[in-house]
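Hi,

Here is the model we talked about, with some notes on its side-chain contacts. Have a look at it first, then read on.

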Amino acid sequence: MPSDQSTWLIAIPQDGDAEGLLPELTSKLSQQLRSFPRSSIAEFNVPSFKTGTLDTLIALSEEFPKQDAFFTSTVAKTVDTLRNLLNNDPTKLAQHILVNERSVDDYILKDWKWNESRYGTQRGPRDMVDVLNKEMASIDNVMKSKLNSYNLVKGSLVQMQRKKTGNLSVRSLVDVVSKEDVIQDSEYLETMLVAVPKNSTKEWNAKYERLTNMVVPRSSSLVTSDSEYNLFSVVIFKRVHDEFLQKCRENKFIIRDFVFSEEQISKQREELETADITEKELWTELLRLARINFSESFQILVHLKVIRLFVESVLRYGLPANYIGLAVKPDSKSTKKTLSLLANHFSYLAPRAGRSKKQGSGEEFVGEYQSLMEQEFFDFVLYEVPWIVN
């Protein structure tokens with residue numbers, strides 16, 4: 001059964017009272033689904049293309065599932081990009097998930113037409129599918145490239161920001177340590193910066209002078225604190241640097257490598273500002289591109305579905321290649337009823353669809369092209385446009 005999370009595109013042969021079909025079905029839906037008024041049905045234009053050869057149509061029918069999956073995946077990835085850029089805010093997402101500045105439902109259910117200016121129907125289905133594939137592949141490649149560029153810059157920015165926001169055992173000390181906290185330009189002495197867990201502060205005060213020889217007495221000074229660590233400065237002779245470092249490790253005091261340099265501090269601040277500006281610029285560019293490419297890729301996906309409708313209709317019903325299309329958006333609570341109504345209404349197509357009853361049996365068999373289809377077989381041709389944006 002088709003999904004209740006998709007809009008159904010249906011095609012049937014154009015014969016009989018074509019103009020009265022939609023009002024009749026709308027009336028039946030209205031009567032049968034009064035408790036589920038959100039179901040919608042609308043006309044959906046299926047153009048008459050050049051049919052080409054039977055072999056070409058069969059080959060296309062076999063290729064469609066793979067192409068359809070790729071197209072659907074590309075649209076879904078574009079939606080995911082928008083969703084991530086907008087922090088999964090459904091209100092903001094709805095403002096960008098538009099097709100030619102219309103909602104997806106309006107695009108499909110309100111007077112949908114084939115884009116003749118871009119995909120002239122004078123070409124056969126094979127040529128048009130090749131064009132659609134080329135366009136969708138281009139969109140996919142551009143989105144991958146832009147998204148990769150943005151993620152690289154975003155990752156670099158996040159890494160820089162983490163250095164500013166982590167605890168004192170890992171965060172950058174550029175904005176923590178001042179010039180007055182360290183000894184500079186001394187031939188023999190140096191300042192060591194040590195992150196000490198707060199529960200080990202008494203131990204530090206008792207031990208630091210005796211961790212090695214040549215530690216300047218009473219030189220420990222609290223630089224700053226956070227919820228987990230105290231950062232101390234302590235003065236030692238340069239010759240015991242490695243030994244002091246090792247003793248601190250043994251006692252689980254964390255030495256923070258830091259050389260005070262106003263030039264380096266200025267450089268790091270500039271790098272952070274540049275990364276922040278670049279990330280915002282790329283975010284804006286990627287958002288704009290994803291919005292445009294969602295509109296483009298969704299239209300390409302629907303056009304592929306229409307070609308599938310046409311090709312399968314020719315294989316099933318034969319010529320002349322004139323078909324009526326319908327778009328149905330079922331209420332999720334009434335999917336089975338909606339499908340049953342459609343099946344009953346179009347049951348007269350069973351012989352033309354290649355389906356009949358075996359004598360003396362309730363079992364059914366289908367036309368020779370059923371093996372080409374991956375969905376359940378109906379007397380009408382049906383393909384689904386998934387509600388990717390939900």
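Before the contacts, one cut-off to keep in mind: a residue is called buried under 20% relative accessible area, exposed over 50%, and partly exposed in between. By that yardstick Asp80, at 39%, is partly exposed. Do remember that this is a predicted model.

Asp80 is a handy place to start with the charges. It forms a salt bridge with Arg83, with 2.9 Å between the closest N and O atoms. The two sit three residues apart in helix 2, so about one helical turn separates them. Unlike its partly exposed partner, Arg83 is buried, at 17% relative accessible area.

Helix 8 has a similar arrangement. Lys280 and Asp276 are four residues apart there, about one turn of the helix, and their side chains meet in a salt bridge at 2.9 Å, N to O. Both partners are partly exposed: Lys280 has a relative accessible area of 46% and Asp276 one of 27%.

Then there's a salt bridge between Lys146 and Glu285, at 2.8 Å from N to O. This one links distant parts of the chain, with Lys146 in helix 5 (residues 125-165) and Glu285 in helix 8, 139 residues apart. Lys146 is partly exposed at 34%, and Glu285 is partly exposed at 28%.

Across the whole structure the search turned up 19 salt bridges. Glu63, Arg126 and Asp130 are joined into one network by bridges that share partners.

Now the rings. The search of the whole structure gives 15 aromatic pairs. One of them is Phe49 with Phe310, an edge-to-face pair with 5.0 Å between the centres and 85° between the planes. Phe49 is in the loop between strand 2 (40-43) and helix 2 (54-85), while Phe310 belongs to helix 8 (residues 262-317), so this pair ties together parts that are 261 residues apart in sequence. Phe49 is buried at 6% relative accessibility, and Phe310 is buried at 0%.

Tyr317 and Tyr323 make a tilted pair, 6.4 Å centre to centre with 40° between the planes. These two are buried as well, Tyr317 at 8% and Tyr323 at 5%.

Which residues do ring pairs link into a cluster? Phe49, Trp114, Tyr119, Phe310, Tyr317 and Tyr323, so both pairs above belong to it.

One last contact brings a charge and a ring together: Lys329 lies over the face of Trp387, 5.1 Å from the ring centre.

Cheers

Key:
Residues numbered from 1 in each chain as written. Predicted model: local features only at pLDDT ≥ 70, side-chain atom pairs only at ≥ 80, totals over all residues. Heavy atoms only, no water. Phe/Tyr/Trp six-rings, centres within 6.5 Å; stacked < 30°, edge-to-face > 60°. Buried < 20%, exposed > 50% of the residue type's maximum accessible area, 1.4 Å probe, protein only. Lys NZ or Arg CZ within 6 Å of the ring centre and 35° of its normal. Salt bridge = Lys/Arg side-chain N within 4 Å of Asp/Glu carboxyl O.
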